[in-house]
Amino acid sequence: MEFCVLPSGAKKLRNVTVPACFLGQTGDLITTDITIKDGAITSTDAGQPAETVIDMKGAMALPCFVDMHTHLDKGHIWPRASNPDGTFTGALTTVRADHVNWSAEDVEPRMDFALRCAFAHGTKAIRTHIDSGDGLASSSFAVVEKMREKWRGKIELQASCLVAIEQVFRDTGDFPNTAKIIADGGHTLGAVTYPVPDLQERLNDFFHFAQAYNLDVDFHVDETNDPTSDTLRTIAQTVLALGFKNKVTVGHCCSISVMPDDVAAEIIALVAKAGLFVVSLPMCNMYLQDREAGRTPRWRGVTMAHELRAAGVNVSFASDNTRDPFYAYGDLDMIEVMREATRICHLDHGLTDWPAAFVSNPAQACGFEVPSLTAGASADLILCNARTWTEFFARPQSDRIVLRDGDPIDRTLPSYSELDPIVS
């Protein structure tokens with residue numbers, strides 16, 4: 001049940017609680033008014049007049065979220081392709097076996113279902129990784145283009161190809177065609193890196209395509225608890241050596257957390273110098289990392305978010321997988337991500353602008369318009385019946401109100417039964 005009813009059209013939301021970082025100010029939560037007219041925020045000045053005034057009684061207002069690391073092509077295959085043991089290896093082999101089912105007719109309804117969930121929860125921009133091996137790139141990126149058009153004006157959609165680094169060759173194999181698909185669609189070039197013997201050569205080949213097509217890049221990096229897996233270092237060194245100027249995102253970066261402190265500090269300094277963007281995926285990494293049957297996990301699986309940020313690195317958090325072998329749960333709900341990241345990574349009791357890691361930081365990393373609550377910004381807001389952080393994080397905010405262009409949207413979530421004919 002919604003905690004209040006908001007009319008469409010021009011209005012002033014009086015007495016709302018707002019993270020100061022979304023107003024371009026320092027500090028934690030502040031109280032203000034937000035005036036909305038013609039789909040935009042016209043003022044956050046308490047003195048601005050308006051015909052319709054609603055006392056929000058301290059309810060929290062956030063800009064709509066940016067979810068910069070998802071896997072919409074994998075989403076919701078769990079009913080037919082569950083992880084047999086919850087491990088990373090179990091996820092990898094199960095997904096690869098399920099690729100045979102990934103026709104456009106299979107991927108499209110699952111992707112649309114996921115976008116409907118994200119929209120209802122209050123997300124306005126998404127980057128998805130697309131499995132591009134096994135001949136899937138052409139079909140799946142065609143679905144992405146279809147979804148881009150269908151969701152235009154509601155969710156801005158980017159995509160990044162996902163191939164294993166050992167599959168990348170300069171002039172042979174499928175990758176040249178995949179790179180052209182990425183370039184033609186204005187997407188992002190992506191790969192997953194492992195400590196293979198010829199990693200440097202393969203990274204050089206990869207960046208050859210990124211430079212030739214003038215593309216941003218997005219890597220899955222060191223998603224393991226093996227402290228000898230340090231491909232993050234090699235990526236940063238390569239970016240510096242090449243003078244690569246486009247945006248480089250590195251996701252996961254788990255192994256750095258189990259390295260000796262001096263080694264981790266050295267790599268973090270390289271990441272900062274290279275200007276890499278880091279995205280942490282706390283829910284998926286908690287699920288997969290350090291999992292052994294009958295043994296309690298010893299670590300949380302996430303990267304060194306605090307240390308990276310202290311070094312000046314842009315750090316974000318995102319959903320990652322939803323109801324597939326890599327993560328059995330999730331719903332592309334960034335409030336859930338925000339709540340769990342705060343608990344898992346201890347984002348409380350410290351800096352007050354961590355909320356930017358779920359909105360502004362990922363927008364900057366992906367090149368999306370940066371959401372805010374300042375005058376002139378689009379009136380795309382999430383309103384929660386919580387007045388403080390302890391109230392906000394204590395409950396899932398299921399009664400939140402989402403405004404797009406200043407008007408409330410229908411937040412009805414799709415039923416999983418819709419997917420039964422596809423994934424059963």
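The exercises below, each with a worked solution, look at the strands, helices and single residues of a predicted model.

**Exercise 1. The sheet of β6, β7 and β8**

Work out in which order the strands of this open sheet stand, and which strands are at its edges.

Step 1. The open sheet is formed by 3 strands in the order β6-β7-β8, and their pairing is parallel.

Step 2. At the edges stand β6 (65-70) and β8 (156-162), and because each has a single partner strand, one side of each is left without a neighbour in the sheet.

Step 3. Neighbouring strands in this sheet are turned against each other by 15° on average, with direction ignored.

Step 4. Looking at one pair in detail, we find that β7, which covers residues 123-131, runs parallel to β8 and is joined to it by 7 bridges. A125 has E156 in β8 as its bridge partner.

Step 5. Helix α2 (residues 104-121) packs on the sheet, where it touches β7 and β8, and its direction makes about 150° with that of β7. Helix α10 (residues 334-345) also packs on the sheet, but touches β6 and β7, and the direction of α10 makes about 80° with that of β6.

**Exercise 2. The surroundings of β9**

Decide whether strand β9 is enclosed or not by the rest of the structure, and then describe how β9 pairs with β10.

Step 1. A residue counts as buried when its relative accessible area is under 20%. In strand β9 (residues 189-193), 5 of the 5 residues are buried, so the strand is largely enclosed by the rest of the structure.

Step 2. The directions of the side chains add to this picture, since L189, A191 and T193 point one way from β9 while G190 and V192 point the other way, and all are buried.

Step 3. Strand β10 (residues 217-221) pairs with β9 in the parallel sense, over 5 bridges. Within this pairing, G190 has D218 in β10 as its bridge partner.

Step 4. Helix α5 (residues 199-213) completes the arrangement, for β9, α5 and β10 make a right-handed β-α-β unit.

**Exercise 3. Two helix pairs**

For the pair α4 and α5, and then for the pair α6 and α7, find the angle and the handedness of the crossing, and say which residues meet.

Step 1. Helix α4 (residues 175-185) packs with α5 at an angle of about 35°, and their axes are 11 Å apart. The crossing of these two helices, α4 and α5, is right-handed.

Step 2. On the side of α4 the contact includes F175, P176, A179, K180 and A183, which meet F206, F209 and Y213 in α5. By class, the residues of this contact are 7 nonpolar, no polar and 1 charged.

Step 3. Turning to the second pair, we find that the axes of helix α6 (residues 231-242) and helix α7 (residues 261-274) come within 9 Å and cross at roughly 35°. The crossing of α6 and α7 is left-handed.

Step 4. From α6, the residues L232, R233, A236, Q237, V239 and L240 meet V263, E266, I267, L270, V271, K273 and A274 in α7. The contact of α6 with α7 divides into 9 nonpolar, 1 polar and 3 charged residues.

**Exercise 4. The pairing of β5 with β14**

Find the sense in which β5 and β14 run, and name the bridge partner of M60.

Step 1. Strand β5 (residues 60-63) and strand β14 (residues 381-384) run antiparallel and are joined by 4 bridges.

Step 2. The bridge partner of M60 in β14 is C384.

Step 3. M60 and L62 point one way from β5, A61 and P63 point the other way, and all are buried.

**Exercise 5. Three single residues**

Place Y327, H252 and C253 in the structure, and say for each whether it is buried or exposed.

Step 1. Y327 lies in the loop between β13 (314-317) and α10, and with a relative accessible area of 8% it is buried.

Step 2. Leaving aside residues up to four places away in sequence, Y327 touches M283, C284, Y287, N321 and T322. M283 is 44 residues from Y327 along the chain, yet their C-alpha atoms are separated by 7.9 Å.

Step 3. H252 belongs to strand β11 (residues 248-252), and at 0% relative accessibility H252 is buried. C253 is in the loop between β11 and α7, and at 2% relative accessibility C253 is buried.

Step 4. Most residues other than glycine have a negative phi. H252, although it is not a glycine, has a positive phi of about 80°, and C253, also not a glycine, has a positive phi of about 50°.

Methods
Residues numbered from 1 in each chain as written. Predicted model: local features only at pLDDT ≥ 70, side-chain atom pairs only at ≥ 80, totals over all residues. Heavy atoms only, no water. Pairing = 2+ DSSP bridges. Axes fitted to C-alpha atoms, helices over the stretch in contact; angles between N-to-C directions. Contact = heavy atoms within 4.5 Å. Left-handed = near helix turned anticlockwise from the far one by under 90°. Nonpolar A, V, L, I, M, F, W, Y, C, P; charged D, E, K, R; others polar. Buried < 20%, exposed > 50% of the residue type's maximum accessible area, 1.4 Å probe, protein only. Right-handed = clockwise from strand over helix to strand, strands pointing away.
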